[in-house]
Amino acid sequence: MRLGALVLAALLLAALPAGAVVGGREAPDTPWVVALFDAHGNFFCGGALVGPTRVVTAAHCTIERTALTVRNRKPAELRVVVGRRDFDTTDGRVVHVTRLWRHPAFESVDGGDDLATLTLAEAVPQQPVGIGSASAGDRAVVFGWGRTGESAAPSRRLREVDLPVMSDDACTRAVQGYRVDAMLCAGYPEGGKDACEGDSGGPLTVGGVLVGVVSYGRGCARAGRPGVYTRVSHYRGEI
């Protein structure tokens, strides 16, 4: 998730997982975008269907953090909802998870390797998304059910927003600890459009293929603060 200015200051501007789409619109039918819920029916992250039984999400989504505890989520506790754009409906299907893989090098969102895969208990009929790469200047689209502003409520309907992929040089200047091999960043210099709290783990696409996973940011849609994404092409062999 992402926090506001006062909390960020208290945390010495620590990087925080990303949360909903700011400055975007309702997304069209995008069947490979999935939602992750816990066993109690609480939504906590997005993901992308990359195979009939395989979902890609962020590593930090597989760790549950509360005010008092931090623990690894277990596969049996997870539910993947496929084919549901609107949380106020019962569209689609709920699928259990049999296996969870978290990148073994993951320690924190700003350290990179923020990637995980989930193996579904059964194959789903939705067409998976392909995996590709992104270049500076590409028009990217990020999807999610997160907040529509730093102080706004999460969206009940899937949203999307267009963002330009930034150059690695620009990302290195804007993001402390940016890793060229494992990360990419996207956003406008003036801000105004971004992923936000609740969008973590969701997909960033270019030309209809998956190029990034929502990882973290500082605030939402702030000028000079692009969103940071896991560069999935770097991990193709592990997905």
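**Exercise 1.** In this predicted model, find which residue a disulfide joins to Cys-171, and state whether the two cysteines are buried or exposed.

*Solution.* Step 1: the partner of Cys-171 is Cys-185, with an S to S distance of 1.9 Å. This falls within the 2.5 Å cut-off, so the pair counts as a disulfide.
Step 2: the angle about the S-S bond is -95°, which makes the link of Cys-171 and Cys-185 left-handed.
Step 3: Cys-171 sits in helix α2 (residues 168-174) and Cys-185 in strand β13 (residues 183-186), so the pair, 14 residues apart, links distant parts of the chain.
Step 4: buried means under 20% relative accessible area. Cys-171 has 0% and is therefore buried; Cys-185, also at 0%, is buried because of that value.

**Exercise 2.** Determine the handedness of the link of Cys-45 and Cys-61 and where each cysteine lies.

*Solution.* Step 1: the sulfur atoms of Cys-45 and Cys-61 are 2.0 Å apart and form a disulfide.
Step 2: with -85° about the S-S bond, this link is left-handed.
Step 3: Cys-45 belongs to strand β4 (residues 43-51), while Cys-61 is in the loop between β5 (54-57) and β6 (63-65).
Step 4: both Cys-45 and Cys-61 are buried.

**Exercise 3.** Describe the link of Cys-196 and Cys-220, then give the pairing of the bonded cysteines in sequence order.

*Solution.* Step 1: Cys-196 and Cys-220 are joined by a disulfide, S to S 2.0 Å.
Step 2: an angle of 80° about the S-S bond makes the link right-handed.
Step 3: Cys-196 lies in the loop between β13 and β14 (203-206), and Cys-220 in the loop between β15 (209-217) and β16 (227-231), 24 residues apart.
Step 4: Cys-196 and Cys-220 are buried.
Step 5: the structure holds three disulfides, and the pairing is 1-2, 3-4, 5-6.

Conventions: Residues are numbered from 1 along each chain as its sequence is written. This is a predicted model: local features need pLDDT of at least 70, side-chain atom pairs count only at pLDDT 80 or more; totals for chains, interfaces and linings use all residues. Side-chain values use heavy atoms; hydrogens and water are left out. Helices (H or I, at least four residues) and strands (E, at least two) are DSSP runs, numbered from the N terminus. Buried means under 20% relative accessible area, exposed over 50%, partly exposed in between (1.4 Å probe, protein chains only).
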